[in-house]
Amino acid sequence: MKILAIESSCDETAAAVVEDGRHVLSNIVASQVEEHKLYGGVVPEIASRRHAEAIVGVVDEALNAAECTLNEIDAIAVTYAPGLIGALLVGVNFAKGLALATGKPLIPVHHLRSHIASNYISHQELKPPFLCLVVSGGHSHIAQVRDYTDMKVIGRTRDDAAGEAFDKAARAMGIPYPGGVELDKIAETGDDKAYPMPRPRVDGSPYDFSFSGLKTAVINLIHNKQQKGEDFSVPDVCASYRRAVVNFLCDNFLKAAEDLGYRTLVIAGGVSANSLLRRELTERCRGKYDLYMPEKYLCGDNGAMVGAQAYYEYLAGHIAKSDLNAVATLPISENCF
Ligand code: KG4
Ligand code: ZN
């Protein structure tokens, strides 16, 4: 079954053709990041406009690269939640129009479920159940993936998402948006023990996250140094901060795995590209857990992961009608169509 999948939840306009949920025939991503960089973050109004401009070309390119006509496509899939509402609406309306014009089924896909599904592409043998750490610019969850479309969140962030925590700390050091990627690179050259960082925890909720204390600590450290006119090493601050965030993510994730008896662990979302997170989990899981991570090109937002999840949504009978709406906030465990 060939699915044409569309993603426009944030600042990438993306489309892909994916066969049977696991085989990527094409994957086209048009990023708006250079424009949002000018403003230090995603400007929703600009994002929607750029999606509207790019979507026809991106979908066309995805079909061409897959050497596939619209006739040969079996279903149209689209990210409908969660995300920036104006951005989501562009993809949803385009997909609805295509589905209506071609008479093909329309498959609604939850953005975080699709991040998890990026692993089905990178690891053909991977099947639920497993425990997943989903870390993106907007979310930080520990989720029990009981089946392809049956998930339960057991840990979540109380404030910033992990990606946001990286981006905000990076911004305080003058690293342009989205700073998480650059901070990760700079941290590779720093000493992670140079600056002591707090060890956060959420009392009474061992699997929950809170990054605001860490973020404030690093921002205060930088401002303090600047006010006193003292030098500080950006690579050392990046490395110390990254170490603290990654330890927090790994500690809670592995505690949940141990408490709940999981042996298969999966990570997903933009932050799953973080080099230290990947190294640290690989090390700590060795001999104890089977660890799966998406290939780096599938960690950020893309259409292929939407096509992968869409296949399983389709098998579960999740087909939308032409009244499908975009939804800005929606728990991963729920459907809204
Ligand atoms: O999943 P994603 O592409 O978009 C959302 O759904 O939010 O995640 C984007 C986030 C950004 O905050 C970005 O800074 C972060 O993922 N990110 C990273 C790395 N690559 C992307 N954070 C830390 N280290 C990285 N290597
Ligand atoms: Zn995402």
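The following dialogue examines selected features of a predicted model.

Biologist: Which residues coordinate the zinc ion (ligand 2)?

Modeller: In sequence, the donor residues follow the spacing H-x3-H-x185-D. Among them, H115 in helix α4 and D301 in the loop between β10 (290-292) and α10 (303-315) are 186 residues apart, so that this pair links distant parts of the chain. The donor atoms lie at 2.0 to 2.1 Å from the zinc ion, and they belong to H111 (NE2), H115 (NE2) and D301 (OD).

Biologist: Is H115 buried or exposed?

Modeller: A residue counts as buried under 20% relative accessible area. The relative accessibility of H115 is 1%, and therefore H115 is classed as buried.

Biologist: Is D301, another donor to the zinc ion, buried or exposed?

Modeller: The same reasoning applies, with the limit for buried residues set at under 20%. Because its relative accessibility is 16%, D301 is classed as buried.

Biologist: How many residues of α4 are buried?

Modeller: Helix α4 covers residues 111-122. The buried residues include H111, R113, N119 and S122. The helix is largely enclosed by the rest of the structure, because the number of its 12 residues that are buried is 12.

Biologist: What distance separates the end C-alpha atoms of helix α4?

Modeller: The expected span is 1.5 Å times one less than the number of residues. For the 12 residues of α4 this gives 16 Å, which agrees with the distance between the end C-alpha atoms, 18 Å.

Biologist: Which residues does A257 touch, leaving aside those up to four places away in sequence?

Modeller: A257 belongs to helix α8 (residues 234-260). Its relative accessibility is 0%, so A257 counts as buried. Contact requires heavy atoms within 4.5 Å. On that basis, the residues touched by A257 are L131, Y262, L265 and Y289.

Biologist: Which residues does S48 touch, with the neighbours up to four places away in sequence again left out?

Modeller: S48 is part of helix α2 (residues 44-65). With a relative accessible area of 17%, S48 is buried. The residues in contact with S48 are G86, A87 and V90.

Biologist: Where is P129, which follows a cis peptide bond from P128, found?

Modeller: The bond from P128 to P129 has omega near 5°. P129 itself lies in the loop between α4 and β6 (130-135).

Biologist: What is omega for the cis peptide bond that joins Y177 and P178?

Modeller: P178 lies in the loop between α5 (162-172) and α6 (179-187). For the cis bond joining Y177 to P178, omega is about -10°.

Biologist: Is E67 buried or exposed?

Modeller: E67 is placed in the loop between α2 and β4 (75-81). Its phi is near 50°, a positive value in a residue other than glycine. A residue counts as exposed over 50% relative accessible area. As the relative accessibility of E67 is 71%, this residue is exposed.

Biologist: Where is the place of D20?

Modeller: Phi of D20 is also positive, near 50°, and D20 is not a glycine. At 31% relative accessibility, D20 counts as partly exposed. Its place is in the loop between β2 (12-19) and β3 (23-31).

Biologist: Which residues make the nonpolar surface patch of about 260 Å²?

Modeller: One of these residues is I319, in the segment after α10. I319 counts as partly exposed because its relative accessibility is 34%. The patch is made by Y314, L315 and I319.

Notes: Residues are numbered from 1 along each chain as its sequence is written. Chains are lettered from A and ligands numbered from 1 in the order in which they are written. This is a predicted model: local features need pLDDT of at least 70, side-chain atom pairs count only at pLDDT 80 or more; totals for chains, interfaces and linings use all residues. Side-chain values use heavy atoms; hydrogens and water are left out. Helices (H or I, at least four residues) and strands (E, at least two) are DSSP runs, numbered from the N terminus. Buried means under 20% relative accessible area, exposed over 50%, partly exposed in between (1.4 Å probe, protein chains only). Donors are N, O and S atoms within 2.8 Å of the metal (3.2 Å for Na, K and Ca); water is not among the atoms, so sites may look incomplete. Patches are made of residues with over 30% relative accessible area and no salt bridge: like charges are joined within 9 Å, nonpolar side chains (Val, Leu, Ile, Met, Phe, Trp, Tyr) within 5 Å. Accessible areas come from the Shrake-Rupley method with a 1.4 Å probe; for residues, only the protein chains shown count as cover. A salt bridge is a side-chain nitrogen of Lys or Arg within 4 Å of a carboxyl oxygen of Asp or Glu.
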